[in-house]
Amino acid sequence: MKMMEKEDQKLFERVVSLKALEMSSSFPCQICVVGFLCGVCLTSLFLAALTSFGTFEFGGISFSSISTAISPWNSSSRGKNMVAIQGGASRPRTVEKVTTLHSSGRCCDAEQLELLHSAWSVLVNESLDENGEETVLVRNFGQSKSSVPKAPHLVNCKLKVLANERVDKRVAGERFPPWSIWRGSLDLYPSISVDEQLKDYRHRDISEGAYPPWILGSDEENYPLTRKVQKDIWLHQHPENCNDPDVKFLVADWERPPGFGIGAQIAGMCGLLAIAVNENRVLVTSYYNRADHDGCKGSSRSSWSCYFFPETSQECRDCAFELMQQKEAWEKGTIRTKDNYTSKEIWTSRTPRKWGSPWRYLQPTTEINGSFVAFHRKMDRRWWRAQAVRYLMRFQTEYTCQLMNAARHAAFGKEAAKMVLAGLDGEWPESLPHHANSEIEKYVWSDHKPWIPRPLLSMHVRMGDKACEMKVVGFKEYMNLAGRIRKRFPDLHSTWLSTEMQEVIDRTKSYPRWDFYFTEVKRQVGNMTMAVYEASLGRKTSTNYPLVNFLMATESDFFIGALGSTWCFLIDGMRNTGGKVMAGYLSVNKDRFW
């Protein structure tokens, strides 16, 4: 980095010297030279101040966006971006030369890019409230929050959570929440309150129970009956009266033996949800060890609700924990815990049959070794786990939303800034035309997902101690499959890579035609157990960074993994209940139980 700074300084000096030599013959030109030198000094100071804001923190975890030198493959070779999700000192970062052109043909300069990216970094800093954000923006950048262009890759987490909370509760006097075919904020459009016909239609829509808003796509784009099953699970988990003596509960801690990864914990809870449905009990989750850290505040500490919406209402939770103190409730079987069931009953629990056998007609869109997996012995488990994990992760909390904001900003923030600046045609930061939010912006576009570079391939490379459970293959095999996808979709060049092995990260340098994005955490070198590796990261980091990878995988356009890995199995389930069945799934192996 110091070498690059020296070279940049020498370049400036050479340019200044040439200018001075050419212009020294006249007094007016000499005045211009002095002005030019002052401009160079001020620009250098300004850039130095900006680069000090190149890193930002969330929940004690630092995030930074780092671009490596352009590889010599050719002039369009792409740098590799890393998302830092671990503590550490700030690292210097070079300012890239920006080649994005405005419509006028003038190239946006590095100052603009760095200023906008750094201003957005303030908005993803967890330690600042709205007043703090405004203060920092004015003090450090001379910009108010309203004058900073909207970041297309960031979500207003507070508003998003409020909107989701609204559709996760019943409307007074109704059996269902306000689920409607009017998606997102359209349901709040003021004309509903004055148009009697619309009010009647909306009431009928809610009372008949439209499908849950967390399911995207049609029935054909998801596993069979996904929308109906999700609605029924929500109703099962949210009885109208939790104090009704006929309501029974199953209270369960999350699994936490040493060596149990997040995937195993979620798979175990999927089994317990199946038991709860089969026995007509409301599942109430209890202690979650991975949320037992200082990033999870208040009542969400040590709870699944730190990361995702709770599996049942607070009323039912309170009722269940109260019943646990009553001997009569235990004797009548009103309350049960995980200890009432064997490990076999939990891990191989009977798939609920209340919806028939929809797994018998799962779409054959998974390929292993060049052939479809059209049928296997555990199709019911694959279908049910997909439904269960989708329900458990139906809505992100504000904490998880902010984690994802920080990750997207670190990985894609520079690209987003280039796009936004290109559209402003040089107007910012000198001026930014103020436009009041129109109705389409407020009620329609506000519900769109945050920007990520598309098409995006997600790849989870599982190696290490997993070799004792499944066949593991090298990174080359994964990239061979990636190459097959790109032959069909030639615009694909971006890959979100998740892996615990440092050797995999090192081998990305052998593929200069791809953009790789990955979390910057300490990875395994050599062989060690997952338990030892996670302990070395600490509880917060070892939980947060995998969940970021998991959620990015569910949002990606394509996915390559190993179905022998529970983690990949669950990612597959989330994608197949998230409107991505027809994206297909290329796996390097099959589940060991098939």
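1. Half the chain is a good place to start: buried residues make up 50% of the 594 residues in the protein. Please keep in mind throughout that this is a predicted model. The fold is built from 20 helices and 13 strands. Of the contacts between residues at least 6 apart in sequence, 73% join residues at least 24 apart. The protein exposes about 28,500 Å², and carbon and sulfur atoms supply 54% of that area.

2. Now to the interior. The largest nonpolar core has 77 residues, and I266, Y307, W384 and M393 have the most contacts inside it. Two or more residues come from each of α8 (226-237), β4 (248-252), α9, α13 (379-392), α14 (398-424), α19 (539-555) and α20 (566-576). Helix α9 gives the most, with 10 residues. In general, nonpolar side chains in soluble globular proteins tend to be buried together.

3. Helix α9 deserves a look of its own. It covers residues 262-278, and its 17 residues reach 25 Å from first C-alpha to last, close to the 24 Å expected. Because 15 of those 17 residues are buried, α9 is largely enclosed by the rest of the structure.

4. M393 is a handy residue from which to view the core. Leaving aside neighbours within four places in sequence, M393 is in contact with I266, W304, F308, L547, F550 and M574. Apart from this core lies another, of 24 residues, among them V473, Y478, A562 and V588.

5. Y478 also leads to strand β9, where V461 lies. V461 is buried, with a relative accessible area of 0%. The C-alpha atoms of V461 and Y478 are separated by 7.6 Å, although the two residues are 17 apart along the chain. Beyond four places in sequence, the contacts of V461 are F475, Y478, L497, S498, T499, E500 and V504.

6. Which backbone angles would I check by eye? Two residues that are not glycine have a positive phi: L225, at about 65°, and N280, at about 55°. As background, most residues other than glycine have a negative phi, and most peptide bonds are trans. L225 is found in the loop between α7 (196-207) and α8, and at 30% relative accessibility it counts as partly exposed. N280 comes just after α9, in the loop that leads to β5 (281-285). With a relative accessible area of 52%, N280 is exposed.

7. What kind of peptide bond joins R454 and P455? That bond is cis, with omega at about 0°. P455 lies in the loop between α15 and β9. V444 is found in that loop too, α15 being residues 439-443 and β9 residues 456-461. V444 counts as partly exposed at 34% relative accessibility. Together with L186, I440 and W445, V444 makes a nonpolar surface patch of about 330 Å².

8. On the charged side, the structure holds 22 salt bridges. One of them joins K158 and E398, with the closest N and O atoms 3.1 Å apart. K158 lies in helix α5 and E398 in helix α14, so this pair ties together parts that are 240 residues apart in sequence. Both partners are partly exposed: K158 has a relative accessible area of 47%, and E398 stands at 26%.

9. The salt bridge between D168 and R394 has an N to O distance of 3.1 Å. D168 sits in the loop between α5 and α6 (191-194), and R394 in the loop between α13 and α14, so the pair ties together parts that are 226 residues apart in sequence. Here the partners count as buried, D168 at 10% relative accessibility and R394 at 5%.

10. Two further charged groupings are worth a glance. R317 forms a salt bridge with E311, and the closest N and O atoms are 2.8 Å apart. R317 and E311 are both buried. Elsewhere, E279, R281 and R336 are linked in a network of salt bridges.

11. Finally, a polar residue: is N164, in helix α5 (residues 157-166), buried or exposed? N164 counts as buried, because its relative accessibility is 12% and the cut-off for buried is under 20%. Past its neighbours within four places in sequence, N164 is in contact with F309 and F395.

Note on methods. Residues are numbered from 1 along each chain as its sequence is written. This is a predicted model: local features need pLDDT of at least 70, side-chain atom pairs count only at pLDDT 80 or more; totals for chains, interfaces and linings use all residues. Side-chain values use heavy atoms; hydrogens and water are left out. Helices (H or I, at least four residues) and strands (E, at least two) are DSSP runs, numbered from the N terminus. The expected span of a helix is 1.5 Å times one less than its number of residues. Buried means under 20% relative accessible area, exposed over 50%, partly exposed in between (1.4 Å probe, protein chains only). Patches are made of residues with over 30% relative accessible area and no salt bridge: like charges are joined within 9 Å, nonpolar side chains (Val, Leu, Ile, Met, Phe, Trp, Tyr) within 5 Å. Accessible areas come from the Shrake-Rupley method with a 1.4 Å probe; for residues, only the protein chains shown count as cover. A salt bridge is a side-chain nitrogen of Lys or Arg within 4 Å of a carboxyl oxygen of Asp or Glu. A nonpolar core is a set of buried Ala, Val, Leu, Ile, Met, Phe, Trp, Tyr and Cys residues joined through side-chain atoms within 4.5 Å. Contact means heavy atoms within 4.5 Å.
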